[in-house]
Structures are given as structure tokens and as C-alpha cells.
Amino acid sequence: MASYYFLLFVLVAATALSEADAKKKLSEDFYSSSCPELLPIVSKGVIRAIKNETRIGASLLRLHFHDCFVNGCDASILLDDTSTFTGEKTAAGNNNSVRGFNVIDDIKAMVEKACPKIVSCADILALAARDSVVYLGGPSWKVGFGRRDSTTASRADANNSIPAPFLNISALKTNFANQGLSVKDLVALSGAHTIGLVRCVQFRAHIYNDSNIDASFAKSLQSKCPRSGNDNILAPLDHQTPTHFDNLYFKNLLDRKALLHSDQELFNGSSTDHLVNKYATDTAAFFKAFAKGMVKMSRIKPLTGTKGQIRINCRKVN
């Protein structure tokens, strides 16, 4: 028993040190002299993209999330396949699903014009995610900069790291803990599903096979998503306000109206029920926890210093 607590102490201490190390390496004013135009350029690009297609805000947030969960926030998700590696774009959690690459390309081009070879794609992803949430009505948070870009990517790592929509609460907790994120972070960050759409293939099993779902809600979805076919038909993760960042996602969980099995697992008689209840009744508490969780997530294993590179084209290594 003593050895167990010692190992637990070591793990906690290591996590604390890694977080502290990331905080030292990432700085809010990293580009204040080298690229002072960065923040307005990215904000302008994000707003233009969302005005053109509101859904893209959720897509940009998801890009950052799926990037950070695979070997850290290093923009590896943006890399196209090469002769030497198969990247993350065709991994199970990304294939025919992640989007927004063209928006990042456009923003990167504007940044390169203003300050060539200075700003990483990873930092642009982190900032675009924040700006998307803010524009759609959600909280803001301070973004630290100084990440550098990966020179490789791995579909296998993406398959192993990105949380799947069929996971139960135990697997979700483990998945987030592997990234140094707490149970509170898990619940708060899942609130990102208050915006965006998902394909039929991702929620089909939940609406046909699960009992922990409102029967009328499931039936209404079955007309759009049959037992076979229509895999790419889309449905909103938050059936009430899918383009506005609010706390209705959690209220939907209370009503057993989550679109994904993994989402409803957060309110299914487990230790996370109290957090769902809290965020469903207190938007300010949700926003505060979400912002804190995003800061932690955006600091997962960043490449800094001489590691990685500043990719000129986010889709390929220099």
C-alpha cells in the first residue's frame, strides 16, 4: 500500500512539474515584438470564416482538441500524409469528420505575410479555438504562445488517443487522465459539444441500442439516421442552440437527450453527475471551468525551444 501511495505521489508531482514547465515555456507576450499583428489577424480570419459558415467555429475548436490529444499541441493533425508517414487526418476519430483545414491555411497565409517564419501553426490553432468560442458566445481565456510544429504525424497514435463516442465513463476518465486532465476537466471540456454537428455513424448505436436516452428523442433521430445507410447525415450535438456556446448541453444530459453515448455517460448515475447538475444550473461556473480546462489542454506537451519547427505551410514539413 505504501508503494502505491508513493507512485501516486510521483505521478502527481510529475504532472505538476510538466504543467509548471509548460507555463514557463509558453508566454502570452511571446509574439508581442516579433508579430504584434497576430491576434487581430487570427481574430479577423476566424470571424470571417464563421460568418461564412457558422458551423466552422465548432470545427476549429475540435481541430485544436484532436491535435492536443495526440502527442501534444504540435499541429500534427494538419500534416498531409507523406511517403514516410501516414498522418492523423484519416484516423478513426478524424476521417471524414475533422474540418477547417482551409481556414487555418488562409489564416496562416495572412500571418506569414505580416511576419514570415515567426508564428507556428500550433499557436494559430490554439488562438483560433479561443476566438471561435468567444465569437459564438462562450468564455475567453489567456492563450500562451511559443509552441513549435511537429515534423511528423501518426495515424496509429491518433487512433489510440482521441476519445471515441462509444466510450463509457471509466474509459473517458482514463483517456483524459492520460493527458494530465482531471475529471472536472473531462466534464467541462465535454461542454464543447454545446456547438457543432455529428454524423449519423457516430450516434447510431446510441439511439438504437442504449436505454439511457429519452425514447421520443431517440425516435425523432431514427427517422434521419436509419439502422443502415445515411452514415453522413448530420445532427446537432445540442439540439436547441447548436451555433451558440451556452450550457444547454448539460441541460440536455439531465433530460437524457445527449446525441452521443459518451456524452450521456457523464450523467448516468456516476461520480460526474454532480458536475453536470452544477453546470446545467450555473453557466458562469461552466464557463470558468471550461476556460481553465482549455488552458490546461492547450499546454499538453508543447514543442518549444529548438524542438520541432515553424512550418511555413501547415500541411507539410518545411
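Good morning. I begin with helix H5, where 13 of the 15 residues are buried, so this helix is largely enclosed by the rest of the structure. Please keep in mind that we are looking at a predicted model.

Let me stay with H5 for a moment. The helix covers residues 121-135. Its 15 residues reach 21 Å from the first C-alpha to the last, close to the 21 Å expected at 1.5 Å a residue. After H5 comes glycine 137, and its phi is positive, near 105 degrees.

Which helices, then, pass H5? I shall discuss H3 and H4. Before doing so, I offer one general remark for those new to the subject. When two helices pack, one describes them by the angle between their axes and by the distance between those axes.

We take H3 first. This helix runs over residues 56-68, and its axis comes within 8 Å of the axis of H5, with a crossing of roughly 140 degrees. That angle makes H3 oblique to H5. The crossing of H3 past H5 is left-handed. On the H3 side, the contact is made by Gly57, Leu60, Leu61, Leu63, His64 and Asp67, and on the H5 side by Leu125, Ala126, Ala129, Ser132 and Val133. Sorted by class, this contact holds seven nonpolar, three polar and one charged residues.

Now to H4, which comprises residues 101-114. Its axis and that of H5 come within 11 Å, and the two cross at roughly 115 degrees. Is this crossing left-handed or right-handed? The crossing of H4 and H5 is right-handed. Here Ile104, Ile107, Lys108 and Val111 of H4 meet Cys121, Ile124, Leu125 and Ala128 of H5. The residues in this contact divide into seven nonpolar, no polar and one charged. I would draw your attention to Leu125, which takes part in the contact with H3 and also in the contact with H4.

Let us now turn to H3 itself. At 1.5 Å a residue, its 13 residues should span 18 Å; the end C-alpha atoms are 19 Å apart, which agrees. How many residues of H3 are buried? The number is 12 of 13, and H3 is accordingly described as mostly covered. Among the buried residues are Ile56, Ala58, Ser59, Phe65, His66 and Cys68. Against what do the buried residues of H3 pack? They pack against helix H2 (38-52), H4, H5, helix H7 (169-177) and H14.

The last of these partners, H14, deserves a closer look. Helix H14 spans residues 283-297, and it packs with H3 at an angle of about 50 degrees, the axes being 10 Å apart. H3 and H14 are therefore oblique to each other. In this contact Leu61, His64, Phe65 and Cys68 of H3 meet Phe290, Met294 and Met297 of H14. By class, there are six nonpolar residues, one polar residue and no charged residues. Leu61 and His64 serve in the contact with H14, and both also belong to the contact with H5.

I now move from helices to individual residues, beginning with the loop between H3 and H4, where asparagine 71 lies. Its phi is near 60 degrees, a positive value in a residue other than glycine. Is asparagine 71 buried or partly exposed? At 40% relative accessibility, this residue counts as partly exposed. Lysine 301, in the segment after H14, also has a positive phi, near 40 degrees, and is likewise a residue other than glycine.

Next, consider leucine 234, which is found in strand E2, residues 234-236. With a relative accessibility of 35%, leucine 234 counts as partly exposed. Leaving aside neighbours within four places in sequence, leucine 234 is in contact with Arg55, Leu197, Val198 and Arg199. Its C-alpha atom is separated by 8.6 Å from that of lysine 224, a residue 10 places away along the chain.

My final residue is serine 262, located in helix H12, residues 261-264. Why does serine 262 count as buried? Its relative accessibility is 8%, and buried means under 20%. Not counting residues up to four places away in sequence, serine 262 touches Ala164, Pro165, Leu167 and Leu172.

To close, I return to the two helices with which we spent most time. H5 has 13 of its 15 residues buried, and H3 has 12 of its 13 residues buried. Thank you for your attention.

Terms used
Residues are numbered from 1 along each chain as its sequence is written. This is a predicted model: local features need pLDDT of at least 70, side-chain atom pairs count only at pLDDT 80 or more; totals for chains, interfaces and linings use all residues. Side-chain values use heavy atoms; hydrogens and water are left out. Axes are lines fitted to C-alpha atoms, for helices over the stretch in contact, and angles run from 0 to 180 degrees between N-to-C directions. Helices (H or I, at least four residues) and strands (E, at least two) are DSSP runs, numbered from the N terminus. Angles under 35 degrees count as roughly parallel, over 145 as roughly antiparallel, 65 to 115 as roughly perpendicular and the rest as oblique. A crossing is left-handed if the near helix is turned anticlockwise from the far one by less than a right angle, and right-handed if clockwise. Contact means heavy atoms within 4.5 Å. Ala, Val, Leu, Ile, Met, Phe, Trp, Tyr, Cys and Pro count as nonpolar, Asp, Glu, Lys and Arg as charged, and the others, Gly among them, as polar. The expected span of a helix is 1.5 Å times one less than its number of residues. Buried means under 20% relative accessible area, exposed over 50%, partly exposed in between (1.4 Å probe, protein chains only).
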